[in-house]
Amino acid sequence: MGYLAKFRLWRGDHGTGSLVDYEVEVNEGEVVLDVLHRIQATQANDLAIRWNCKAGKCGSCSAEVNGRPRLMCLTRMNTFEEDEVVTVTPLRAFPVIRDLVTDVSYNYAKAREVPAFQPPEGLQPGEYRMAQEDVQRSQEFRKCIECFLCQNTCHAIRDHEENKRAFAGPRVLMRVAELDMHPLDTLDRKRMAQDDLGLGYCNITKCCTEVCPEHIHITDNALIPLKERVADQKYDPIRWLGSKIRVRSKSE
Amino acid sequence: MSDMERYAFDVVVIGAGGAGLRAAIAAREAGKSVAILSKSLFGKAHTVMAEGGIAASMANVNPNDGWKVHFCDTMRGGKFLNQYRMAELHAREAPDRVWELESWGALFDRTKDGKISQRNFGGHEYPRLAHVGDRTGLEMIRTLQQRIVALQQEDKRIHGDYEARVRVFAECSATDLFTTGEGDEQRVSGVLAYWRPSGTFVLFSAKAVVIATGGIGKSFKVTSNSWEYTGDGHALAMLAGGSLVNMEFVQFHPTGMVWPPSVKGILVTESVRGDGGVLTNSEGRRFMFDYIPDVFRDKYATTEEEADRWYTDPDNNKRPPELLPRDEVARAINTEVKAGRGSPHGGVFLDVSKRLPAETIKAKLPSMWHQFKELADVDITLEPMEVGPTCHYVMGGVEVDPDSQAVVGVRGLFCAGEAAGGLHGSNRLGGNSLSDLLVFGRRAGDAAAEYVAGTPEGTLDEAQVQRAIDTALEPFSRATGENPYEIQSELQQVMNDYVGIIRTKHEMEQALKLIDDLKLRARELSVVGGREYNPGWHLALDLPKQLLVSEAIARSALTREESRGGHTRDDYPAMEPEWRKVNLICRIDGDGVDVVSQPLPLMPAELAALFDGKELSKYLTEDELSALGKEKA
């Protein structure tokens with residue numbers, strides 16, 4: 001039932017490192033994370049891996065398996081040939097801490113820039129009434145497990161370190177869309193999405209959607225509608241006129 | 001200690017799951033400065049694994065529900081070993097805690113009239129669980145995480161700094177808890193922790209500490225718990241002079257995945273049964289009808305026809321026995337498998353495919369569908385799942401004051417959530433965990449803030465801190481020694497084999513002997529590599545705590561000579577009213593654990609009046625019944 005598999009893991013820290021080969025037993029039904037745990041327990045006690053639930057629910061074990069951004073706990077070994085070398089490297093868009101663990105603090109810093117949910121004045125807890133159809137859209141985005149695979153894959157971040165300052169990435173912009181579609185939220189974050197969080201950097205190539213382990217339609221259901229809403233607001237002739245007539249608009 | 005960071009906070013919360021975050025929110029809202037220590041990244045705590053829902057008697061689906069019914073269900077589920085006052089507070093306050101989440105942005109599934117929808121669950125009389133599909137824990141942790149962020153945004157506006165009053169120390173593990181003063185003056189003074197990424201130490205001085213570290217499941221081989229669940233808080237509390245209560249009660253969730261081997265133990269939510277799934281054995285029989293215990297006989301359907309009618313007409317039919325409390329279902333599955341009526345991979349079948357249309361299954365149980373598809377190649381809309389018991393939760397925990405969650409015996413120390421004992425008695429009902437985190441997390445945070453206000457600054461003993469650091473670094477100094485992974489794996493096997501779902505005296509004595517051996521070996525732990533993100537070293541630091549708490553479980557289990565809830569003795573199969581009056585308390589004794597008996601407070605007459613005498617007489621002694629003015633039936 002079991003066989004010896006060839007693994008190639010990136011080992012190292014911030015600056016330096018290299019791919020190291022391991023031969024390791026693999027058993028029926030296992031996922032990449034199981035095999036890495038076996039290497040850790042028997043051959044490399046100090047192999048750094050970040051993981052928690054091992055069931056695709058917490059989004060901790062993100063890495064790149066044969067170049068593809070994935071959750072290691074959901075990558076089954078039977079998707080590889082037995083003689084295939086499985087190469088596991090850390091997420092490319094974030095600085096390496098050690099081995100397969102990266103510093104993902106960028107994502108948390110950007111998330112903190114999005115103003116929180118703001119309910120209507122005077123609405124007391126327990127009085128909230130919302131229809132299922134109305135909460136469903138935001139619920140899809142709240143399935144997000146914050147694995148940051150979308151952030152890692154989005155080429156506006158992955159290939160352009162310099163964009164990180166101005167661009168918050170798909171995860172964070174999806175959060176803006178989620179709040180914008182929340183039936184009871186009262187705050188308008190559309191201008192902010194465009195001006196401060198860099199919505200314009202997204203050119204809807206759908207790479208984020210492709211790697212999402214929760215199968216959230218990030219581009220189609222969150223980012224494109226958000227872009228449309230921003231455009232509606234920005235290019236609405238009446239609003240445009242209004243902004244010119246007023247002495248000073250809000251952001252000036 | 002030159003590379004050590006130092007901080008001073010009013011309150012340090014150890015643990016960033018539901019209880020820890022709720023406690024931090026409360027303490028911050030009370031105006032205190034708060035540090036949150038999280039072993040993982042922010043928002044990854046084990047709370048995300050909770051699937052089914054949050055139990056709260058909002059009565060949105062069935063108007064007959066109310067806190068009194070919830071209280072009674074909780075006591076029944078715990079076989080009346082619960083700390084009654086905690087069960088009362090929990091039932092009373094849970095609805096407010098859920099509504100509050102909504103005001104922080106949570107989006108629960110809705111009823112037709114736009115209220116929070118509620119679903120059925122084992123042991124709950126009415127549909128009571130607020131939920132979001134089968135990912136309720138994720139919704140809860142994300143909402144609390146975002147509430148913390150909202151408070152940080154407020155602090156940024158006022159003080160110009162996001163972290164002026166709440167700071168999250170992610171991937172920062174606590175190793176030691178310090179106290180100052182002697183005797184009655186002894187109180188909490190601080191916490192030592194280390195950054196997992198860098199391996200450098202962080203010293204917190206704090207007047208109050210809240211333990212919210214969750215459970216102990218990682219000491220068992222087959223478990224739904226993650227690596228974080230090593231009983232850190234249980235051990236820290238004991239080592240600081242606190243005690244543990246009822247540690248023998250460990251919940252084996254009846255339905256964990258059994259195949260493939262690498263996912264054995266991963267949770268299959270009880271909602272599958274709540275929404276219509278049935279359990280069958282290899283003969284195709286719905287065997288749960290054979291396992292309805294006497295104490296529940298008048299509450300559960302005895303025929304398949306009545307059980308099936310209940311899903312559409314719950315007021316006029318009794319509920320299916322698949323929805324008995326978890327301890328009953330887990331034991332029944334265990335018995336079926338042992339009798340040779342199990343599924344091919346050593347579980348039983350859980351089938352929802354013949355009960356609900358595929359689209360309904362995908363809508364109501366999306367992550368279960370996903371999980372089986374991705375991990376086991378099973379499409380649950382077409383075929384049954386194979387499931388079996390998995391170590392899931394510890395009912396026992398740190399002994400606390402029921403109102404304030406103050407740890408008994410240690411001033412300035414508080415504890416909430418799974419790490420605290422009492423609320424669930426001998427068995428927890430599904431859904432009562434998330435509500436527990438919210439209700440008692442808030443109470444612990446409030447009480448900690450109040451305590452801080454009246455307490456002078458403590459001092460940290462630098463020599464004590466240095467000793468703790470030296471101990472933590474010791475494994476690096478041994479060129480050869482024991483491999484922490486091996487010792488942990490042996491401990492998991494011991495606990496699984498000898499202190500598992502069915503227990504006997506001989507096996508537990510064996511377990512204690514083996515744990516003693518492992519403790520000796522754990523003194524010789526050796527780790528390779530450096531201090532930066534070194535999981536081998538991290539495990540070496542968790543392991544002594546795991547061993548200590550495992551000993552507490554085994555020793556309590558050996559002491560309690562009856563079967564009740566999450567503690568089943570093959571050699572003492574009956575539930576004994578005399579034992580119901582007893583709490584087993586664990587304290588540190590030398591480098592081991594000592595167990596003593598302590599009386600469990602009897603509920604006051606006004607709460608007892610919520611039950612009929614016939615039911616109480618199944619649990620209480622005659623003396624207790626007459627003290628409450630109830631007749632023996």
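Student: How many residue pairs are in polar contact between chain B and chain A, and what makes a pair count?

Tutor: A polar contact is a pair of N or O atoms within 3.5 Å, where, within protein, one atom must be able to donate a hydrogen and the other to accept it, and where residues adjacent in sequence count only if both atoms are side-chain atoms. By that rule, 40 residue pairs are in polar contact between chain B and chain A, both residues of a pair being at pLDDT 80 or more. As for helices, which are DSSP runs of H or I with at least four residues, just as strands are runs of E with at least two, both numbered from the N terminus, the side of chain B that touches chain A draws at least two residues from each of α3 (84-103), α4 (136-159), α10 (366-376), α13 (484-498) and α15 (535-559) of chain B. The largest share of that side, ten residues, is supplied by α4(B). Its residues divide into 28 nonpolar, 18 polar and 18 charged, where Ala, Val, Leu, Ile, Met, Phe, Trp, Tyr, Cys and Pro count as nonpolar, Asp, Glu, Lys and Arg as charged, and the others, Gly among them, as polar.

This is a predicted model, in which local features need pLDDT of at least 70 and side-chain atom pairs count only at pLDDT 80 or more, while totals for chains, interfaces and linings use all residues. Residues are numbered from 1 along each chain as its sequence is written, chains are lettered from A and ligands numbered from 1 in the order in which they are written, and side-chain values use heavy atoms, with hydrogens and water left out.

Student: Why is the pair of Lys57(A) and Glu51(B) called a salt bridge?

Tutor: The term asks for a side-chain nitrogen of Lys or Arg within 4 Å of a carboxyl oxygen of Asp or Glu. Lys57(A) and Glu51(B) meet at 3.4 Å, N to O, and therefore satisfy the rule. Across the interface of chain B and chain A, six salt bridges are found.

Student: How many residues does each chain give to the contact, and what area is buried?

Tutor: With contact meaning heavy atoms within 4.5 Å, chain B gives 64 residues and chain A gives 61 residues. Buried area is the accessible area (1.4 Å probe) that two parts lose on being put together, summed over both; between chain B and chain A this is about 5200 Å², with 53% from carbon and sulfur atoms. In chain B, the residues that lose the most area to chain A are Lys44(B), Leu107(B) and Tyr533(B), together 13% of what that side buries.

Student: What makes β4(B) and β5(B) a strand pair?

Tutor: Two strands pair if DSSP finds at least two bridges between them. β4(B) and β5 (residues 129-130) of chain B have two bridges, in the antiparallel sense, and so meet that rule. One bridge partner is known by name, since Arg119(B) is matched with Leu129(B) in β5(B). The open sheet has three strands in the order β3-β5-β4 (chain B), with antiparallel pairing. Because β3 (54-55) and β4 (118-119) of chain B each have a single partner strand, they stand at the edges, and one side of each is left without a neighbour in the sheet.

Student: How do you know where the domains of chain A lie, and how are they joined by salt bridges?

Tutor: Domain bounds come from an automatic or database domain assignment, which divides chain A into domain 1 (3-102) and domain 2 (105-245). Their contact takes 16 residues from domain 1 of chain A and 19 residues from domain 2 of chain A. Together these domains bury about 1200 Å², 52% of it on carbon and sulfur atoms. Two salt bridges are counted between them. Arg158(A) forms a salt bridge with Glu64(A), the closest N and O atoms being 2.8 Å apart.

Student: What is found between domain 2 and domain 3 of chain B?

Tutor: Domain 2 of chain B and domain 3 of chain B bury about 430 Å² between them, 66% of it on carbon and sulfur atoms. Of the area that domain 2 of chain B buries there, Asp327(B), Arg331(B) and Asn334(B) supply 74%, more than any other three residues. The rule finds zero salt bridges across this interface, yet two residue pairs are in polar contact, both at pLDDT 80 or more.
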